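Me: Could you walk me through how this chain packs together? I'd like to start from one residue and work outwards.

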Amino acid sequence: MEAYEAPVRLDGDGRATRDGWAASIVSFASGPRAPHRWAVVAAPGIAVMVGARGVTAGVSPLAHGEHVFIGGEVEAIFSADAHPLPVVDGAPDAACPVCCEPGSAGRRGLFDCPKCPARACDACWAQFPHGRCATPGCDQPAAFDRPLFTAEPGDFWDGLR
Ligand SMILES: [Zn+2]
Ligand SMILES: [Zn+2]
């Protein structure tokens with residue numbers, strides 16, 4: 001098993017914390033080419049539920065859209081939406097297929113949609129209507145400014161109250 005992103009540690013209110021955490025979200029894969037998976041780790045003495053399941057033995061797998069309850073007070077919905085992915089195999093100055101601008105000043109490069117074949121520069125992703133991939137029917141969130149390796153709870157939680 002390989003850990004991917006730094007664990008997100010949450011306090012009893014569901015906010016990110018560095019110490020005194022109540023629950024922690026960890027992302028892992030069973031191999032280099034295996035899909036990302038997630039698990040929630042409950043701190044000793046903290047009641048954490050995933051849906052109607054108690055987190056027994058401190059760890060429970062977590063899937064996109066599952067409801068998580070921390071300490072009986074906080075309910076959150078886990079979100080595993082991926083980010084647009086940087087294109088690593090293209091030429092560094094390749095033109096954006098959407099706006100035809102060359103990859104240069106002010107642009108960070110080209111990004112692929114993880115759900116469909118769409119490819120665009122970061123400026124185009126930022127302008128896609130409704131913050132979604134421009135491909136009709138593709139609901140991939142266009143936001144990719146969330147840093148992958150310093151995950152914030154907002155990367156993971158929708159509808160946190
Ligand atoms: Zn573009
Ligand atoms: Zn897409």
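**From one residue to the sheet**

Reply: Happy to! Ile70 is found in strand S8, strands being DSSP runs of E with at least two residues, numbered from the N terminus. This is a predicted model, where local features need pLDDT of at least 70, side-chain atom pairs count only at pLDDT 80 or more, and totals for chains, interfaces and linings use all residues. Residues are numbered from 1 along each chain as its sequence is written, while chains are lettered from A and ligands numbered from 1 in the order in which they are written.

Me: Is Ile70 buried or exposed?

Reply: A residue is buried if 20 or more other C-beta atoms lie within 10 Å of its own, exposed if 12 or fewer, and partly exposed in between, with C-beta atoms placed from the backbone. Ile70 has 23 other C-beta atoms within 10 Å, so Ile70 is buried.

Me: Which strand gives the most to the largest nonpolar core?

Reply: A nonpolar core is a set of buried Ala, Val, Leu, Ile, Met, Phe, Trp, Tyr and Cys residues joined through C-beta atoms within 7 Å. Of the 15 residues in the largest one, Ala23, Val40, Val48 and Ile70 touch the most other members. S2, S3, S4, S8 and S9 each supply at least two residues. With three residues, the top contributor is S4.

Me: In S12, what is the bridge partner of Phe111?

Reply: Strand S11 (residues 110-112) pairs with S12 in the antiparallel sense over three bridges; pairing takes at least two DSSP bridges between two strands. In S12, Phe111 is bridged to Ala120.

Notes: Helices (H or I, at least four residues) and strands (E, at least two) are DSSP runs, numbered from the N terminus.
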